[in-house]
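Colleague: I've got a new model open and I'd like to learn how to read it. Could you walk me through a few features?

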Amino acid sequence: MERAMIPEASEVPILVAQSGPLQGSHWRLEGEAVLIGRGEDCDIVVADRQISRYHARVKRTSEGFMVEDLGSKNGTHLNGVLLRSPSPLQDGDVIQVAFALELAYVGREATMPLSREERGQAARLKMDALSHRVWIGGQELEPPLSPPQYRLLELLYRNASRVVSRADIVEHVWAEEEGEGVSEQAVDALVRRLRDRLGEVDPQHGYVVTVRGHGFRLDN
């Protein structure tokens with residue numbers, strides 16, 4: 001597996017590290033599979049204790065590339081949703097490896113994604129997954145969000161152009177409880193508390209938008 005700086009258009013799909021110590025690195029998906037983990041024999045080696053030795057794999061299939069978790073301790077997410085089975089990759093998807101590393105999937109002949117800084121220039125709200133810090137208009141949110149509030153905002157943030165369903169929220173926020181007994185009222189209450197916290201810093205802007213009948217999205 002080759003890791004190199006490449007031009008804006010690529011003849012093969014690539015993975016682009018969007019965060020962590022590997023940020024800015026690129027891997028061309030020219031082989032049958034890419035193994036991600038802490039082990040030295042992995043194709044993408046991540047020296048972080050959150051990462052399992054063999055954590056996740058991106059593999060070629062007859063229908064395109066797919067990503068799968070390899071039974072890791074801290075999980076693998078695709079666009080903020082916990083992977084429970086192999087999932088197909090589409091241009092622009094973001095793979096979160098235990099939230100210690102973000103990898104953007106760039107399809108064949110697609111334009112390279114903007115850097116984190118470039119993407120954030122017009123954004124009101126920014127997040128750092130490694131430190132779990134949140135900024136609104138350059139002001140850090142203090143005190144920090146509660147873990148459920150942070151996980152909800154993280155899911156919306158990573159799916160900024162998409163509507164996130166209540167089922168996705170339950171799976172992401174209450175993953176350890178497997179969503180048992182989590183009602184729609186509990187989701188709505190969490191959304192309301194998150195809105196209140198964000199409104200403490202920026203009361204003029206509604207960040208969490210309800211899309212009636214579908215779920216929620218982030219207006220950033």
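Modeller: Sure, and keep in mind that this is a predicted model. Let's start with a facing pair: isoleucine 95 stands opposite leucine 103 in β11.

Colleague: Which strand pairs with β11 there, and in what sense?

Modeller: For strands to count as paired, DSSP has to find at least two bridges between them. Here β10, residues 94-97, pairs with β11 in the antiparallel sense, over four bridges.

Colleague: And how many residues sit between the two strands of that hairpin?

Modeller: Three residues, and alanine 98 in this hairpin takes a positive phi near 55°.

Colleague: What about the other partner, β1: how many bridges does that strand share with β11?

Modeller: Strand β1 covers residues 14-17 and also has four bridges to β11, again antiparallel. There, leucine 15 is the residue opposite tyrosine 105.

Colleague: Is β11 buried or exposed?

Modeller: The cut-off for buried is under 20% relative accessible area. Six of the six residues of β11, which runs over 101-106, are buried, so the strand is largely enclosed by the rest of the structure.

Colleague: Which side chains point which way from β11?

Modeller: Leu101, Leu103 and Tyr105 go one way, while Glu102, Ala104 and Val106 go the other, and all of them are buried.

Colleague: How does that fit into the whole chain? What share of the residues is buried?

Modeller: Buried residues account for 45% of the 220 in the chain. The fold has four helices and 16 strands. Among contacts between residues at least 6 apart in sequence, 46% join residues at least 24 apart. As for the surface, about 11,800 Å² is accessible, and carbon and sulfur atoms hold 45% of that.

Colleague: Let's try a helix. Where does arginine 166 lie?

Modeller: Arginine 166 lies in α3, the helix spanning residues 166-173. Its relative accessible area is 24%, and since the partly exposed class runs from 20% to 50%, arginine 166 counts as partly exposed.

Colleague: Which residues is arginine 166 in contact with, beyond its neighbours within four places in sequence?

Modeller: Glu184, Val187, Asp188, His214 and Phe216. Have a look at aspartate 188: its side chain makes a polar contact with the side chain of arginine 166, at 2.6 Å.

Colleague: How far apart are arginine 166 and aspartate 188 in sequence and in space?

Modeller: They are 22 residues apart along the chain, and their C-alpha atoms are 8.9 Å apart.

Key: Residues are numbered from 1 along each chain as its sequence is written. This is a predicted model: local features need pLDDT of at least 70, side-chain atom pairs count only at pLDDT 80 or more; totals for chains, interfaces and linings use all residues. Side-chain values use heavy atoms; hydrogens and water are left out. Buried means under 20% relative accessible area, exposed over 50%, partly exposed in between (1.4 Å probe, protein chains only). Contact means heavy atoms within 4.5 Å. Accessible areas come from the Shrake-Rupley method with a 1.4 Å probe; for residues, only the protein chains shown count as cover. A polar contact is a pair of N or O atoms within 3.5 Å; within protein, one must be able to donate a hydrogen and the other to accept it, and residues adjacent in sequence count only if both atoms are side-chain atoms.
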